[in-house]
Structures are given as structure tokens and as C-alpha cells.
Amino acid sequence: DLLSRALPRPGQAPPTKMVQSRGSRGLRLAGAVTTALSFPASQIFTNCDYFPAEFSLVATIKIPRLRWKKNEYIFSVVEDRSESLLLGLRFSPVQVTLGNPPPCSRAEQGQLWFNAQRKGLFICDGLTWRTLLQNKERLDYIENYQDLYTSSETFDVEVFSIPCEGLFLAAANRDSVSGSGIYKWRNETFQLYQNISTQEARAWKHFTIDDKIFLVVANSREAEPELSVIYSWNPQWRRFLRYQTLETHGALDWEAFQIHNHSFLVVANHRRDSNHNIHSVIYRWNQDTKMFEVNQTLSTSGAYDWEFFTVGPYHFLVVANTFDGQTTSISSTVYIWLDGRFQTFQNIPTVGATDWEAFQIGDRFFLAVANSQRVSDRGPSPYSINSTVYELSTLTQTFIRFQDILTHSAVDWEFFTIGDEKFLVVANSYDGTSYSLNSVVYRWQGYEGFVPVHSLPTFGCRDWEHFSTDEGSFLIYSSATSRLSKVFRLKTY
Ligand SMILES: [Ca+2]
Ligand SMILES: [Ca+2]
Ligand SMILES: [Ca+2]
């Protein structure tokens, strides 16, 4: 009760007058001396070292007639001794304007603006319109936006930004002769920016170290020696230039991550000749040589994808093991970083696993696996099988099955958010007869889990990426069986 602190003690001269108005009692403050109604803020915030960034104040005020004075405050916080105003709550007549953003300068300070289009209420702070209330965006429908013809089939797209340059997309193209394309977002579409020589590129990964921008490509072509290449962005030439080569074996994916300010890369080595049970390699950035060095090797079986994620203070890596030479029904392994290296945390049974997607909803942690195909020919189709979403159980401290979702040779999951809504989109690539399939967008419905809400026609869908620009929110998919990748626009209301 702030007022009780400001009021005079018994025996002191009352600066206020008790009044009764329709059954409620209050204090009339008119004519009160301001200094008599103040007290040190430290008296009320006894558990805080500093004045809190957020607090709420409840006041009931009755004003018989409106006299708006610019220098009168209902409540103010002033600096100790100097008395300069830090914070003030002033009563002023509200003028709500509608339509396009009205001007907001000192003259409009305290005015409200109702934006009917964005369904938001804003207040002018003397400089800009600040949000008071705003309706969160919701996904309405998905429309075709751009047909992106690439030089050859595209296994992966990686969307990233370069500060002061803009948004880029790296396409991992199959053909070694034409190489892979780097595209830049110009005039609201992706346009070819640079071509990079690659050897049956399967994936790109973007990462930064000390403000330096890198791209690493997974080259899968079997040649001796097999090399994957790291490129770095040259700000003068405004091009990616070759930086370091690393020996890989049928490389299908790179993951980049940081642990305690150290930068790492891990490669998914799929196979060497016909052997799928080989090592995948973790590299660590050497701050002195400015090069990546082998840090740890992990046994994998037809490794297809790596995903790094963090839960509280714990760091994890999970590998998608596709095939051990005999069967696709094998386990994929979640590793945890302990004592300076990755150690097995959990083995999860998977069926031709091609992708892991880690995501968080509120305080819950999930992992979704894309299962691509059964080897045995029992059942209707070895491609139409369940992919599974797992949830990290705080009770058992393991990932436990949360939801099975029927997919058709699933090769990628992508998690994305619009407003408060959470989505997963799956890349369905093949059902045994056709590559022309719907890929499905699922929305998080709380206890119901993920529920299908949109079907997107795709052809040989290989990878989904979500990205946002000033113009809105987009999805792009790449095709492993056609030269056409497609950008979709997510229309919201
Ligand atoms: Ca991708
Ligand atoms: Ca990955
Ligand atoms: Ca993914």
C-alpha cells in the first residue's frame, strides 16, 4: 500500500482530506504538498538490489473534472537528491486515432493508435508507437511464391543471413559439372549470386566464428581423396572463397555447434566403398591456427544427419543411422557432452533414419525422427511407415515416444513458429510408386499433439526450410528428383 507510506503519521499535519463518495472512501489529494507524499523507493523493494525493470501499480482515481496539466503526475519516481524525473504516470485525455500510422512526436505523446489491420493498440512514447496490445499472427493458408530452377537436382537448401548483405540460400546440387548455386534474396525473390564447384553436393551448413562467416559443403562423390570443403565469406570480394578441405566418406550432412565458446563441426560419413559401419568425425576449431582439427570420432552406420541441441546446461548430438549393410531397422544414437567429449546417452530404434529435428515447446523438449524405409518387404509398402516424435522425460531422463506420424519415405522434418503457433512440416519423398506426393504441415495442438492442417504438393521432396523476411514468412522445399525447388508464402491473419 504505497499510499499508506506517503500519508502523514498521526499527529502530523494532514496534507489530505478524507472524502466519501457513493459508498467508497478515499483521500482528496488536491492542494497536498508533493514532498510530503514521497518516500524512498528502497523501502518497498526490499528484496531487490536494484529498482526492478518490471512492476505493476494499481491505483483507483476519481477526478471530478478534467484539468490536464503537463507537469502534474499521479505517481513519479525521481532520482535521489537531484530529483530529476525517471518515471512518471500522468493523467491525460485519451485520443484514439485509427488508420495508418499517425505521426508520433512529443506533441502526440500519450496518444493511442488502434491499428485495425494488425489488431493492435499502440501508445506514442514521444518518439515511436509502442505496442500495448497486439493480436498474434496466425497461419491462414499457404500459397505458391517462387519457382526456383536450379542447375541440377537439389538435396539440401540452407538459408542464412550475412550482416549488411542480406538473405542467402545455398543449394546442394547433384551435378558435379555445373556445381552448386548460392542465391541472394533480391527484389523479394531468390536470384543466383555465385556458383561453387562441388562434387555431388548433399548438404550445406552455415556457421560463424568470431564474426567470420563460413559455409561447409558435404561432397558425397567417391573419389580419392574424398574432400568436403569449408568456404569463408570475403567481405571485400563479396564472395565465398575456399578456406579448408577435410577428408570425408560419402558425406551427407554437416552440423556446426558451439560448446563453452569452442566451435565444432561434425560430418555424417555415410559409407566408404560398400561399408556403412565407419566413423563420423567431430572437428574442433583451433583458435591459434584458425583451422579445424579432428577432435573425436564416433561409430555410425550409414550416417545421414547430425543434429545438435542444448537442454539447460547439457549439450547433445544425435545421429540418424540409416543402414548397417543388412537392415535399416537399427538404432540411432543420442550423445551427451560429458568430461570434454561426447558419450552415449541413449540408443533409439529407427527405420532408415534420415533426419532428426530437435525443438522446444514451452519448457518441453522434443526430437522428431524421419524414418525413410523398411528393408523387409512385409507390409503394404516399405516406404509408408511411421516417423516418431520423442519427448525428453524429466522423470526417466530419456527420450520417450510421444507420437507416431505416418510418413512416405520421410527425409526431413522442419519445425517453425508463427506468432504463438508451432508447426512441423515433413518431406514425404516416395511411396513406392510415385515421387509426386503431398508433404504435410502439422500444427501443435497441446495434448492432441501434432495435427495435420495443410497438404503441400511436392515432387521428390528432399528438404524443407522455413525463413522470414520483412515481407513475411516462407517455406522452401528442394527436390532430389527434379531441378525445380519451390518457395511458398505463409499467409497469416
Ligand atoms: Ca536444409
Ligand atoms: Ca543436420
Ligand atoms: Ca530437419
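In this predicted model, the C-alpha centres of domain 2 and domain 3 sit 42 Å apart. These two belong to a set given by the domain assignment of the protein chain: domain 1 covers 1-92, domain 2 covers 94-135 and domain 3 covers 139-492. The overall dimensions of the protein chain fit into this picture too. Its C-alpha atoms fill a box of roughly 95 × 55 × 50 Å along the principal axes. The radius of gyration of the protein chain is 30 Å, whereas a compact globule of 493 residues would come out near 23 Å.

What is the chain built from? Its secondary structure comes to 1 helix and 36 strands, so it helps to recall how strands get together: in a sheet they pair through backbone hydrogen bonds, either parallel or antiparallel.

A handy place to look is where domain 3 begins and ends. Domain 3 runs over 139-492, and strand β9 (residues 139-149) is joined to strand β36 (residues 484-492) by 9 bridges, with the two running antiparallel. Within this pair, Y149 stands opposite L484 in β36. Strand β36 has another partner as well, namely strand β35 (residues 472-479), and this pairing is antiparallel over 5 bridges. Here Y477 has K486 in β36 as its bridge partner. Just 4 residues lie between β35 and β36, and the two form a hairpin.

Another group of strands makes up an open sheet of 4 strands, in the order β22-β23-β24-β25 and with antiparallel pairing. Which strands stand at the edges? They are β22 (303-311) and β25 (341-351); each has a single partner strand, so one side of each is left without a neighbour in the sheet. On average, neighbouring strands of this sheet are turned by 20 degrees against each other, direction ignored. Further in, strand β23 (residues 314-321) and strand β24 (residues 329-338) run antiparallel and are joined by 3 bridges. For F316, the bridge partner in β24 is I336.

The loops hold a couple of backbone oddities. Most residues other than glycine have a negative phi. N187 goes the other way, with a positive phi near 50 degrees, and S409, not a glycine either, has a positive phi of about 45 degrees. N187 lies in the loop between β12 (180-186) and β13 (189-196), while S409 is found in the loop between β29 (398-408) and β30 (410-418). Are these residues buried or exposed? N187 has 5 C-beta neighbours inside 10 Å, so it counts as exposed, since the cut-off for that label is 12 or fewer. S409 has 24 such neighbours inside 10 Å and therefore counts as buried, because 20 or more is what that label takes.

Finally, there is the inside of the protein. Of the 493 residues of the protein chain, 35% count as buried. The largest nonpolar core has 96 residues, and L265 and L367 are those with the most contacts inside it. What does L265 touch? Leaving out residues up to four places away in sequence, L265 touches V216, W254, A256, Y283 and F292. As for contacts across the whole protein chain, 40% of those with a separation of 6 or more are between residues 24 or more positions apart.

Technical notes
Residues numbered from 1 in each chain as written. Chains lettered and ligands numbered in written order. Predicted model: local features only at pLDDT ≥ 70, side-chain atom pairs only at ≥ 80, totals over all residues. Pairing = 2+ DSSP bridges. Axes fitted to C-alpha atoms, helices over the stretch in contact; angles between N-to-C directions. Domains from an automatic or database assignment. Core = buried A, V, L, I, M, F, W, Y, C linked by C-beta atoms within 7 Å. Contact = placed C-beta atoms within 7 Å. Rg over C-alpha atoms; globule rule 2.2 N^0.38 Å.
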